[in-house]
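Hi everyone, thanks for coming. I'd like to walk you through one model today, so have a look at the screen.

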Amino acid sequence: QVQVVESGGGMVQPGGSLRLSCAASGSISRIDPMGWYRQAPGKQRELVARIYSGGSTNYADSVKGRFTISRDNAKNTVYLQMNSLLPEDTAVYYCNVYILVRHRDYWGQGTQVTVSS
């Protein structure tokens, strides 16, 4: 069984920073890609950032220049460094990993990020 667990969420003031982590474990081989999604109240879940094993990335326009995604392949872990946070970034953030040998993706349980003064 594959497990995907996020951590690092919390409450922060506008302009602050948070670093999210996501670790995948279980029956895993190659993971490509790994990504972060978020869902705000009343909105659809959206892609925030995605990273491939070769290092290429995709970012939502709303977070470009503020968020940075990275991964540690040896640890099956993906990170999201979030700087200059805005109230509009408030959402539940979900980790998603695609396990190639299993031909499917897996979701974490989500971690709450709240940006408020």
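Let's start with charges. The count comes to 5 salt bridges, where a salt bridge is a side-chain nitrogen of Lys or Arg within 4 Å of a carboxyl oxygen of Asp or Glu. Before I go on, please keep in mind that this is a predicted model, in which local features need pLDDT of at least 70 and side-chain atom pairs count only at pLDDT 80 or more, while totals for chains, interfaces and linings use all residues. Residues are numbered from 1 along each chain as its sequence is written, and side-chain values use heavy atoms, with hydrogens and water left out.

One of these salt bridges joins aspartate 32 to arginine 71, with the closest N and O atoms 3.3 Å apart. Aspartate 32 sits in strand β4 and arginine 71 in strand β7, so this pair ties together parts that are 39 residues apart in sequence. Strands here, like helices, are DSSP runs numbered from the N terminus: E with at least two residues for strands, H or I with at least four for helices. Arginine 71 has a relative accessible area of 17% and is buried. For that word I use under 20% relative accessible area, with exposed over 50% and partly exposed in between, for a 1.4 Å probe and protein chains only.

Now look at arginine 38. Which acidic residues does arginine 38 bridge to? Glutamate 46 is one of them, the closest N and O atoms being 2.9 Å apart. Aspartate 89 is another, at 3.0 Å between the closest N and O atoms. That second pair ties together parts 51 residues apart in sequence, because aspartate 89 lies in the loop between β8 and β9 and arginine 38 in strand β4. Through shared partners, salt bridges join Arg38, Glu46, Arg66 and Asp89 into one network. How accessible are the members? Arginine 38 counts as buried at 6% relative accessibility, and aspartate 89 is buried too. Glutamate 46, at 34%, counts as partly exposed.

On to the nonpolar side. In soluble globular proteins, nonpolar side chains tend to be buried together. I call a set of buried Ala, Val, Leu, Ile, Met, Phe, Trp, Tyr and Cys residues a nonpolar core if they are joined through side-chain atoms within 4.5 Å. The largest one here has 30 residues, and Trp36, Leu80, Met82, Tyr93 and Val97 touch the most other members. Several strands supply at least two residues each, among them β3 (18-25), β4 (31-39) and β8 (77-82). Which strand gives the most to this core? That would be β9, with 5 residues.

Tyrosine 93 deserves a closer look. Leaving out residues up to four places away in sequence, its contacts include Trp36, Leu80 and Met82, along with Arg38 from our salt-bridge network. Contact here means heavy atoms within 4.5 Å.

There is also a covalent link to show you. The structure holds 1 disulfide, defined as a pair of cysteine sulfur atoms within 2.5 Å. Cysteine 22 and cysteine 95 form it, with their sulfur atoms 2.0 Å apart. The pair links strand β3 to strand β9, 73 residues apart. For those of you who like torsions, the one about the S-S bond is about -80°, so the disulfide is left-handed. Cysteine 22 is buried, at 0% relative accessible area, and cysteine 95 also counts as buried at 0%.

Finally, the strands. An open sheet of 4 strands runs in the order β1-β3-β8-β7 with antiparallel pairing, two strands being paired if DSSP finds at least two bridges between them. Its edge strands are β1 (3-7) and β7, each pairing on one side only. Between β1 and β3 there are 5 bridges, and glutamine 3 has serine 25 in β3 as its bridge partner.

In a regular strand the side chains alternate between the two faces of the sheet. Along β1, Val4 and Glu6 point to one face and are buried, whereas Gln3, Val5 and Ser7 point to the other and are not. Along β11, Thr111, Val113 and Val115 are buried on one face, while Gln112 and Thr114 point to the other and are not. β11 runs parallel to β2 (residues 10-12), joined by 3 bridges, and antiparallel to β9, also with 3 bridges. Valine 113 of β11 stands opposite glycine 10 and is the bridge partner of alanine 91.
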